[in-house]
Structure formats: structure tokens, C-alpha cells
Amino acid sequence: MNNRQELPSWQFLAEHAQQMKKQHLNQLFASDEQRFDKFTIKLPHLLLDYSKNLVTTETMSGLVKLAQDCEIEQWRDKMFSGEKINLTENRAVLHTALRDRSGDALMLDGEDITQTINLELEKMESFVRKVRQGDWKGYSGKRITDIVNIGVGGSNLGPQMVTEALKNHSDNSVNVHYVSNVDGAQIAEVLRPLDPASVLFVVSSKTFTTTETITNAKTAKSWLTSASFDDDAVKHHFVAVTSNLENATEFGIGADNIFSMWDWVGGRFSLWSAIGLPIALDMGFEKFMALLEGAHQMDRHFVDTPLEQNAPVTLALLSLWNTTFLGSQSQAILPYDQTLHMLAAYLQQAEMESNGKSVNWTGEDIEYQTVPSIWGGVGINGQHAFYQYLHQSKNVIPADFIGSIESSTPVKGHHETLMSNFFAQTEALMRGVNESQVREDLKAKGRTPAYIDQLAPHKVHQGNRPTNTILLDRIDPHSLGGLIALYEHKIFVQGIILQICSFDQWGVELGKGLAAKIQTELAEEGEVGEHDSSTTNLINYYKKMRYAK
Ligand code: F6P
């Protein structure tokens, strides 16, 4: 394994970054009229403009050279062919196979997983049809009107984000709800208006051991059986998506009602599997397949396109440039489409659970800045909340602006207002406004010199804040599939360059283990004493106050 920092391409970029830090995007635009053409990638249904990043053609060639030195193409081929690139868990990483309908065999441990996937899709299709047509009956013979997906993390965020994004593509054959939080408030609120006789629960958990999910599933089960007075009702009202057949069966779900997950699909990359069942139930199986097809097209672009024109590679290289070489520490995801309101939350898990690590493949500490923290929210609401920070704080926060040419929900006059803000914000973040412009402006408004002196520094915007603009034709199953796959591959490329094990998540285990221990302690009589003094006293205070009466 080579040390990335010793690569000449890395060293070039480190030095080049020092030069580029002295540049302003305004100069780069002024000195090159072709900048937009040079730094955009046009794909079917998607335009990526990355010209508002502090890069030149020299920067981009340096970054591509680094990607080559890190053998991105070879690693990409390893992933697609099923090599076990999830090193710490010795697993293949094959979410891409879930959306490959080419029919080509893909052998993994002696088994053609294409056939496995196809069988599962057939099972999904017939189940989805049955439920949506009203042929799947509840314990009293009523049709299913409401689906409640119970799952958390990857077993929630992907399906829920897509359901929200494609709301307009649902024909409302069924209503889909999500329960992820173990806070009883959520499940209570979801179940309150529902009729147990016409609800179908989808318990989504790759491991079927996630405490929060199992707790919610048990609550749902007793809600159902106390209404039906019949334990047998579970078989009409529960299906599971899991790789843990044993636990799901023990829970009471019949084998026919269990959809498979496999260890070669990571939770946060799983919406393309039966974890996407609520999406298919909501929109119909054909639209679920269009989502898969859109993602597959992005897979083909990732595999077939030279690195220079490769959208996921470019996004990854820019994130690396902004973070590792220019020193940004966070990145904002800013969709200008209400339907994408969960995208930032989804990408938070996808990127941060994948690459939020600080040792490399062989377990050595990584010395350089790795990946940014991801946050964000819908653009317009953000403009009236946190954009002040994006424009004028001391921290530079690169941002991805995501919008669409056609509105998801056309309402006269709204889309142009929305999109004028979309374009204005990246321009403002890039251009800024300097002090002399501010002063001139205030003078033109007839302000007094004293007032101008006082206010001018507060109105200066440094600009030079990098953004990517991703403009989709529209948000539909196909384009959304492509957008998600774009980010998935970006995450992969970043992981390879930074030598991070992107497909495990050991960092969530410590807290899980402690919570299990504390849950036992909360149930026991008396004080606890084996924690640090803060945790001990907090738990004891909680127990005293809660159980005092
Ligand atoms: O705790 C993190 C995590 O393991 C995620 O990686 C995963 O998506 C989520 O929990 C849910 O896991 P499961 O699907 O096994 O319930």
C-alpha cells in the first residue's frame, strides 16, 4: 500500500493548493471565458457545473493524476466484479449488482448472485402487486390501506428519502409511513389514526438485532394482536426484510413473508434491494425498477467514462481538494426542491458512516484531513436560517446546490422564484461584494459618510466560496436513481483515495454496547457506580427522579 502523501501527484496538489489559496474565483472567471464549458459535465438528465470551485485545468489534471496513482479504475472494477473490498468484514460490495438488469452472471462464492437478485425481485413484484391491488387481506378480510416501515439508518433513510422525493409519483394505492425512532412518540403518532385490520408492517433490519427497530416492531405487534385478539394476525400484517432469517422467524414472521438481504449489500447502500419495498409499494413496481435503471445508468457512466469526464470521480476529487488540500471541514447539501428535503439526512449517513474514520486500510492513523461533515437542508428555508454563515463566517463551507429544470409540483409563478434564488446564491457565494462596491452602493442611496463608515465592513462579503451546481431535468424515479448513485460512487472514490474502509461502521458499536449495559442498569434497583462520575451521576439522578414515586 503506498503512502498517499508520498505520491508526487499528492505533493504537487499540496503545493499547488498554497498558490490557489491566493486566488479568487472572480479572477478565475475574469481570465477565462471558457470556464463554464471546461468545468461542466453533461449527462442525460443531469448537468454538473463545478466551475465555481477554486480550480484551474492544472488543478483538475493534478487531481485526476492522483486518482490514477490511487488506481481508482482498478478498485472500481474490483468492486463491480465482487472482490471482497470491504476489508474489515471480508465482504464484497455489490449494491451495483442489484440494479444491473443486463442478465450477465456474477459469481460470488460459487453462486450466481444475478439469479438470487432476480428471484427476490420477482417475489417483490408479486407481493407489491397483491398488496396494491387489494388482494392481500388483513386478519378480518379487509384490504391493506397503510404500510408502516419499521427500520432505522439505512433501513429507513433511503426508502423514506425516496418516498418523499417521489411523492408525486405515487398513485396513493396505499399510504406509506415510517417509524425509525425508538422514542414512543413516533410510533404512537403513526399508529394513532390507523386501523389495525388494514395495516401492513414492513420490519426492515439487515441484522434483525437493532434494538430500536425490534422494540418498535414488538410494540406494533402487540398493537395489532390486542386489536385482533389473535396472534395469528401477525402473518397477515407483518413482513420482514433481513439477512437474519432465524431472528425474523422467531419474531413470528413466516418464511414466505421474509425478503432477503445479503451481507454484500451495506445498509446505507441498500435501498435498491428489498429494503426498497415501501418505495415499490408506494409507487408500483415499474417505477421502482425505473429508479434502479437510473442508478444503473450512472453505474455505466462511472465505469465507462474517462476520469476527466466522470461525474462521481469529479465530485469526489473536488471534495478531496476542498477538504484535504484547502482545509474545509464541512460540506452543505442544498436541494432547491421541496421533495428532496431528506437528501441531506440521507447523504449524512451515506458519506459520514462510510468515510468518517481516521485509520487507513492497514489500521495506521491517517495524518491528513479526510472528509467533511455533511449537513444541509432545503435551500430556500436555509437561506432564511443558516446561509448567513455560508456567506460571511470565517469558515468556508463548500456546498452542492441541487435543482431541477421542471418543477415537481408546478404552481404558477413559484418555480421561477425558487430557481432565481438557486442561481443567485451560487453567484453571490462566488462573487461576494467588496468594500468599495458596498460604499458606492450606500452612497448612491444617499447615506451619510458616518453611516457608511459604520456599516460598510458588515456588508462586505468575501465571496470565493466554492459550490457545485447539479441541475436535473426533473425529479423522477430515473433521475433520482442516478443522483443517488452519483453520490454513492463519489463516496467510494473518496474512500479509495483516502485509504478509508468505506463499507464498515465500527464506530457505531461502542455506543450501542454501552446503551445495552445501561438499559440493564436502568431496570435494576439501586444506584450505578461503574461509569465516570458524570455518567454515573446522570444515571443516578435520572433513576432517582423517575422512580422516586
Ligand atoms: O448502527 C448503524 C447501523 O448499523 C447502520 O449501518 C444501519 O443502516 C443501521 O444501523 C440499521 O441496521 P439494521 O438494518 O441491521 O437494523
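Modeller: A polar contact is a pair of N or O atoms within 3.5 Å. The model discussed here is predicted.

Biologist: What makes the pair formed by the ligand and the side chain of Glu353 a polar contact?

Modeller: An oxygen atom of the ligand is 2.7 Å from an N or O atom in the Glu353 side chain. The limit is 3.5 Å, so this pair is a polar contact.

Biologist: How do you know that Lys512 and Lys206 also make polar contacts with the ligand?

Modeller: For Lys512, an N or O atom of the side chain is 3.3 Å from a ligand oxygen. For Lys206, a polar backbone atom is 2.8 Å from an oxygen atom of the ligand. Both values are within 3.5 Å, and therefore both pairs qualify. Taken alone, the ligand exposes 390 Å², of which the protein buries 88%.

Biologist: Which residues of the shell are closest to the ligand, and where does the ligand sit?

Modeller: The ligand sits in the largest pocket. Around the ligand there are 13 residues, and the closest are Ser155, Ser205, Thr207, Thr210 and Glu353. By class, the shell has two nonpolar, eight polar and three charged residues.

Biologist: Why is Thr40 called buried?

Modeller: Thr40 has a relative accessible area of 13%. Buried means under 20%, so Thr40 is buried. Thr40 lies in strand 1, which covers residues 40–43.

Biologist: What does the side chain of Thr40 reach?

Modeller: The Thr40 side chain reaches the backbone oxygen of Phe36 at 3.0 Å.

Key
Residues are numbered from 1 along each chain as its sequence is written. This is a predicted model: local features need pLDDT of at least 70, side-chain atom pairs count only at pLDDT 80 or more; totals for chains, interfaces and linings use all residues. Side-chain values use heavy atoms; hydrogens and water are left out. A residue is near a molecule or strand if one of its heavy atoms lies within 4 Å of it. A polar contact is a pair of N or O atoms within 3.5 Å; within protein, one must be able to donate a hydrogen and the other to accept it, and residues adjacent in sequence count only if both atoms are side-chain atoms. Accessible areas come from the Shrake-Rupley method with a 1.4 Å probe; for residues, only the protein chains shown count as cover. On a 1 Å grid over the protein atoms alone, a cavity is a set of points where a 1.4 Å probe fits but cannot get out, and a pocket is an open set with protein on both sides within 12 Å along at least five of seven lines; lining residues have an atom within 4 Å of a point. A molecule sits in a cavity or pocket if more than half of its atoms lie within 2 Å of its grid points. Ala, Val, Leu, Ile, Met, Phe, Trp, Tyr, Cys and Pro count as nonpolar, Asp, Glu, Lys and Arg as charged, and the others, Gly among them, as polar. Helices (H or I, at least four residues) and strands (E, at least two) are DSSP runs, numbered from the N terminus. Buried means under 20% relative accessible area, exposed over 50%, partly exposed in between (1.4 Å probe, protein chains only).
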